[in-house]
Amino acid sequence: PTSAQVSVAPHSGRFCYTVDNDLLSTEQRQFYEDNGYLLIKNLVSDQDIERFSKEFTRICKREVKPPGVMIMKDESRRSQFGQSENVVNKVQDFQEDEELFRYCTLPEVLKYVECFTGPNIMAMHTMLINKLPDSDKQTFLHPMHQDLHYFPFRPASRIVCAWTAMERAHQDNGCLVVQPGTHKTALKPHGYPEWEGKTNKLFHGLLEEDEKIPKVHLVMEKGDTVFFHPLLIHGSGINRTSGFRKSISCHFASSECHYIDVKNTTQEHLEKELQEMVSKKYNATSVDLKDIWNFRARLVQGERINL
């Protein structure tokens, strides 16, 4: 298939976005069906979150250097804070870091992931976000977007993000903001917003945002985990506090998903940007988008089939 448009995988009965199992109640399944996200309270233990936090600090201090990891920093803070967590706002692609990758294998997380992907589960994309205290420049505002914009695999209904708050997330420190029900829409064109001095690399956003669609701020306690559909329009505000707002997340997909060709679609310009970044980082001459994702992907449950 070459289309980047989304087709919902056919399912028996009334549920399109979850698979039949005994974990989710009918009410929970219906909520996800209607809204595109589901919040599970107190899912990840304080002990695990503490371990992830310590590993993040070690990475910031360069005590460990996992291969393939992408560390994003606010260079304007380096002169003040040096090499520390006060500068790093994101650790991405941590699949080679044994300690952080434990998150993607936690049984309590995977049992929920299976409700959306089925039994054969790939961990596709990993991130630990450390939303730094922000200035009036709003450097770390993430514009409203759909995650499927970044993914060259389908069907969308067999992809889910697990996003866990590592400390309390609320409006003041830039919690997630979602537009319920938007997972039922098509993939929309994305690009860099026209904000002077406010764009981070690959922080793409919707080119046209419908302000009439209501927004919900997801206030979450430490250990709370939200599962959401890759077409759900979401973003996050700025951190107006003096502390950090950490979260750890992974996009999971059924290994039965298939890669698509994004040429002549709204995702084509993203492919070029990613290829340029990877070529520069690894001094590679030609890199296929599928190769980039094959490098990131890890089987965490069941059998590896297509991805």
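This is a walk through a predicted model, one selection at a time.

**Stop 1: helix α2**

Start by selecting residues 46–60, which make up helix α2. The helix has 15 residues and runs 21 Å from its first C-alpha to its last, close to the 21 Å expected at 1.5 Å a residue. Now colour Asp48, Ile49, Phe52, Glu55, Phe56, Ile59 and Cys60, the buried residues of α2. Turn the view until you look down the axis of α2: these buried residues fall within an arc of 145°, so they line one face of the helix. The general background is that an α-helix has 3.6 residues a turn, so residues three or four places apart point the same way. Spin to the other side of α2 and you'll find Gln47 and Lys54, both exposed.

Before leaving, check the two ends. Asp46 belongs to α2 and is partly exposed, with a relative accessible area of 43%. Draw a C-alpha to C-alpha distance from Asp46 to Met166: it reads 8.5 Å, although the two are 120 residues apart in sequence. Just after α2, click on Arg62, which takes a positive phi of about 65°.

**Stop 2: a charged network**

Keep Asp48 on screen and add Arg51, Glu99 and Arg102. Salt bridges link these four residues, Asp48, Arg51, Glu99 and Arg102, in a network.

**Stop 3: the largest nonpolar core**

Which residues touch the most other members of the largest nonpolar core? Select Val91, Tyr103, Cys104, Val109, Phe227 and Phe252, out of a core of 39 residues. Several elements each supply at least two residues of this core, among them β1 (37–40), α2, β3 (88–92) and β14 (245–254). Show α5 (107–117) as well; this helix gives the most to the core, with 6 residues.

Then move to a second, separate core of 24 residues, which includes Tyr150, Phe153, Val278 and Trp293. Phe153 and Trp293 come back at the next stop.

**Stop 4: α7 and the ring pairs**

Select helix α7, residues 289–296, and pick out its buried residues: Leu289, Ile292, Trp293 and Arg296. Down the axis of α7, these buried residues fall within an arc of 90°, so they line one face of the helix. Zoom in on Trp293 and you'll see Arg296 lying over the face of its ring, 4.5 Å from the ring centre.

Widen the view to aromatic pairs, of which the model has 9. For one of them, show Phe31 and Tyr37: the ring centres are 5.3 Å apart and the planes sit at 90°, so the pair is edge-to-face. Phe31 is partly exposed at 34% relative accessibility, while Tyr37 is buried at 8%.

Back at Trp293, add Phe153. Their ring centres are 5.4 Å apart with the planes at 75°, so this pair is also edge-to-face. Phe153 lies in strand β6 (residues 153–154) and Trp293 in helix α7, so the pair ties together parts that are 140 residues apart in sequence. Both Phe153 and Trp293 are buried.

For a bigger group of rings, select Tyr32, Tyr112, Phe116 and Phe227, which form one aromatic cluster.

**Stop 5: salt bridges**

The last stop takes in three of the 13 salt bridges. Select Lys41 and Asp224, whose closest N and O atoms are 2.7 Å apart. Lys41 sits in the loop between β1 and α2, and Asp224 in the loop between β11 (216–217) and β12 (225–228), 183 residues apart. Is Asp224 buried or exposed? Asp224 is buried, with a relative accessible area of 2%.

Next, bring up Arg298 and Glu96, which form a salt bridge with their closest N and O atoms 2.3 Å apart. Arg298 lies in strand β16 (residues 298–301) and Glu96 in the loop between β3 and α4, so the pair ties together parts that are 202 residues apart in sequence. Glu96 is partly exposed, at 37% relative accessible area.

Finish with Glu211 and Lys215, whose side chains meet in a salt bridge at 3.9 Å, N to O. Glu211 is exposed, with a relative accessible area of 58%, and Lys215 is partly exposed, at 38%.

Note on methods:
Residues are numbered from 1 along each chain as its sequence is written. This is a predicted model: local features need pLDDT of at least 70, side-chain atom pairs count only at pLDDT 80 or more; totals for chains, interfaces and linings use all residues. Side-chain values use heavy atoms; hydrogens and water are left out. Helices (H or I, at least four residues) and strands (E, at least two) are DSSP runs, numbered from the N terminus. The expected span of a helix is 1.5 Å times one less than its number of residues. Buried means under 20% relative accessible area, exposed over 50%, partly exposed in between (1.4 Å probe, protein chains only). The arc is that of the directions from the helix axis to the C-beta atoms. Rings of Phe, Tyr and Trp (its six-membered ring) pair if their centres lie within 6.5 Å; planes under 30 degrees apart count as stacked, over 60 as edge-to-face and the rest as tilted. A charge sits over a ring if NZ of Lys or CZ of Arg is within 6 Å of the ring centre and within 35 degrees of the ring normal. A nonpolar core is a set of buried Ala, Val, Leu, Ile, Met, Phe, Trp, Tyr and Cys residues joined through side-chain atoms within 4.5 Å.
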